[in-house]
Amino acid sequence: MSDTDSFIDEVTEEVRRDRLFLMLKRYGWIGGAVVALIVGGAAFREYSKAQDQAAAEALGDAITAALEIDGSGSRSEALAAVSAESAGGAAILKMLEAGALADAGNIAEAVARLEAVAVNGELPLIYRHIASFKALALQSGTLSAGDRRLQYEALAQPGAPLALLASEQLALLEIEEGNSAAAITRLRGIAADAAVSADLKERATQVIVALGGSVEDASAPEG
């Protein structure tokens, strides 16, 4: 009985091997294709990373070379001649070019470059807000206080990337308008914010003291 069982087991195992062999012969190419796809995909990812890194390095080198040129006008022309493959790289180029144009006295052109970045909905919010903030700074002498307030209030919304810096500008507008009490209240809020930088907190504190208030005192002088 034991020999019979052993014989049956051997036959069963042979049948299994034959079936497995036939399966591999018939469908083995699928496994090979899967392996080829995995290896090919990994190779393509590495190639793409290398290409992106090379492009970023080339852009960085071109920007550095342009920024080292003497003369704001020549520098802005050199930056304008640099091309970027990514939207983010192009945005950075426009902002750098705007800085060079502003240094050369071409404020209108600088603002145009910055506003082009600010309204580009394909860019991350931080890029757009930085461009808008810089454009407003360049127009401090030409835009009315009301127009600047509206735009700084949009940048000062809770959670916005430059909310505290925009709030600081709103406080300066309130000082410009003679509303010291509102400015002190706003500056206290900035100084007490958990996300405030050391430099911004120091500036806010200094202005509060200059206006006759204190960071801790809840009262503010009139006018």
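E177 sits at 44% relative accessibility in this predicted model, so this residue counts as partly exposed. Its salt-bridge partner is R149, and the closest N and O atoms of the pair are 3.0 Å apart. R149 belongs to helix α6, while E177 is found in the loop between α7 (163-176) and α8 (180-192), so the two tie together parts that are 28 residues apart in sequence.

R149 has a second partner, too: E153 also forms a salt bridge with R149. Here both residues lie in helix α6 (residues 145-155), four residues apart, which is about one turn of the helix. What about their surroundings? R149 counts as buried, at 18% relative accessibility, whereas E153 is partly exposed at 32%.

Now for another pair, R203 and E168, which also form a salt bridge. R203 is in helix α9 (residues 198-210) and E168 in helix α7, so this bridge ties together parts that are 35 residues apart in sequence. R203 is partly exposed, with a relative accessible area of 35%, but E168 counts as buried at 11%.

Some of these bridges link up: by sharing partners, they join R149, E153, E174, E177 and R186 into one network.

Here are the three pairs side by side:

| Salt bridge | Closest N and O atoms |
|---|---|
| E153 and R149 | 3.9 Å |
| R149 and E177 | 3.0 Å |
| R203 and E168 | 2.8 Å |

How many salt bridges does the structure hold? There are seven, and the pairs in the table are among them.

Key: Residues numbered from 1 in each chain as written. Predicted model: local features only at pLDDT ≥ 70, side-chain atom pairs only at ≥ 80, totals over all residues. Heavy atoms only, no water. Salt bridge = Lys/Arg side-chain N within 4 Å of Asp/Glu carboxyl O. Buried < 20%, exposed > 50% of the residue type's maximum accessible area, 1.4 Å probe, protein only.
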